[in-house]
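Biologist: Hey, can you pull up that protein so we can go through it together?
Modeller: Sure, here it is.

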Amino acid sequence: MRAVSLFTSTALALAIALPAAAQDILTIYTYDSFTSDWGPGPVIEAAFEAECGCEVNFVAVADGVALLNRLRLEGQNTQADIVLGLDTNLVVEAKDTGLFVPHDISLDNVDVPGGWEDDIFVPYDYGYFAFVYDTEAVETPPASLRELVEGGPEPAIVIQDPRTSTPGLGLMLWVKHVYGDEAEAAWAQLSERVVTVTPGWSESYGLFTSGEVPMVLSYTTSPAYHIIAEETERYQAAAFEEGHYMQIELAGITTRGQENPLARQFMEFMTGPGFQDAIPETNWMYPAGATSEPLNPAFDRMVAPSQPLLFTPEEVAENRRAWVDEWLSVMSR
């Protein structure tokens with residue numbers, strides 16, 4: 001009887017302990033460059049695990065739009081507690097899935113251009129899209145988006161797919177913002193420069209840094225990486241006179257995550273120095289929350305857009321499918 005009683009007691013203890021152990025894991029869906037060895041993921045994972053005494057499980061896909069696509073496919077069966085890597089262009093569609101819940105955290109530390117008020121999504125960084133060029137291959141870069149579009153086939157560029165990539169979506173919106181109803185004709189002209197279209201940012205930037213192409217769609221802050229990490233000013237962002245399209249990257253708690261107290265703990269953590277200190281020199285974007293010290297002076301030398309461009313989330317949600325179809329009809333010819 002003693003052996004049986006001991007076994008029963010142990011099994012009961014394990015049964016009670018297992019649900020608690022499950023709560024010690026936080027699953028975060030994000031994009032692949034975030035979780036790469038050189039991205040912010042490993043630093044942030046270690047910092048939060050030290051604070052929470054838990055395990056962070058990052059699950060990565062190619063890019064931000066792919067995150068929303070995956071979430072839609074999984075529906076209520078998603079394993080994500082938090083989705084990190086959507087942006088303002090996807091907010092309305094993400095909310096329409098019914099898979100996100102209010103974050104219920106303070107936004108006092110959040111600081112992005114134009115301010116931020118939203119009960120579902122919280123910003124963690126922001127930046128501006130730009131074409132980054134190799135100064136050893138491009139002597140005089142385009143000075144405007146119109147010059148890039150209308151200037152012929154050189155220098156060649158690589159861009160990302162708006163169906164899977166948030167930078168790709170950003171470029172599509174940038175062109176639409178500047179060209180309006182003439183966007184289809186603009187894409188036809190720009191396609192003469194495009195060497196390839198990649199699913200995500202990582203693939204295209206890899207082609208650029210390996211010398212396969214002299215210009216790539218990236219961010220105004222990308223040269224800061226090369227200045228700080230590689231001590232070279234070879235790669236620069238072209239300043240466009242029409243302005244640069246802005247991106248604010250966001251995270252949100254899923255319906256699954258609302259049952260995991262670690263989700264809201266992480267969201268609070270995300271707005272403070274434990275998370276934000278990692279953003280400038282690993283994700284190479286501007287922090288959207290409180291940092292413990294000023295940015296490296298190299299960021300003062302980045303292109304500062306005279307006019308940030310941005311459609312409202314509602315405008316994007318209403319038109320994204322039609323604008324993607326317009327893009328696809330040209331780029332698939």
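Biologist: What's up with residues 1-22, how does pLDDT look there?
Modeller: This is a predicted model, and pLDDT stays under 50 over residues 1-22. The model also has zero contacts beyond four places in sequence for that stretch.

Biologist: Okay, and what does the protein chain average?
Modeller: The average pLDDT is 93, and 93% of the residues score at least 70.

Biologist: Switching to helices: how do α8 and α14 cross?
Modeller: Helix α8 covers residues 183-190 and helix α14 covers residues 313-331. Their axes come within 9 Å and cross at roughly 35 degrees.

Biologist: Is that crossing left-handed or right-handed?
Modeller: The crossing of α8 and α14 is right-handed.

Biologist: Which residues make the contact?
Modeller: From α8 you get Ala183, Glu184, Trp187 and Ala188. On the α14 side they are Glu326, Trp327, Ser329, Val330 and Met331.

Biologist: And what's the mix by class in that contact?
Modeller: The contact of α8 with α14 has six nonpolar residues, one polar and two charged.

Biologist: New topic. Where is Gln307 found?
Modeller: Gln307 is in the loop between β11 (286-287) and β12 (308-309).

Biologist: Why do you call Gln307 partly exposed?
Modeller: Because its relative accessible area is 43%, and partly exposed lies between the 20% and 50% cut-offs.

Biologist: So what is Gln307 in contact with, leaving aside neighbours within four places in sequence?
Modeller: Gln307 is in contact with Glu242, Gly243 and His244. Gln307 and Gly243 are 64 residues apart in sequence, but their C-alpha atoms are 4.5 Å apart in space.

Notes
Residues are numbered from 1 along each chain as its sequence is written. This is a predicted model: local features need pLDDT of at least 70, side-chain atom pairs count only at pLDDT 80 or more; totals for chains, interfaces and linings use all residues. Side-chain values use heavy atoms; hydrogens and water are left out. Axes are lines fitted to C-alpha atoms, for helices over the stretch in contact, and angles run from 0 to 180 degrees between N-to-C directions. Helices (H or I, at least four residues) and strands (E, at least two) are DSSP runs, numbered from the N terminus. A crossing is left-handed if the near helix is turned anticlockwise from the far one by less than a right angle, and right-handed if clockwise. Contact means heavy atoms within 4.5 Å. Ala, Val, Leu, Ile, Met, Phe, Trp, Tyr, Cys and Pro count as nonpolar, Asp, Glu, Lys and Arg as charged, and the others, Gly among them, as polar. Buried means under 20% relative accessible area, exposed over 50%, partly exposed in between (1.4 Å probe, protein chains only). pLDDT is the predictor's confidence in each residue, from 0 to 100.
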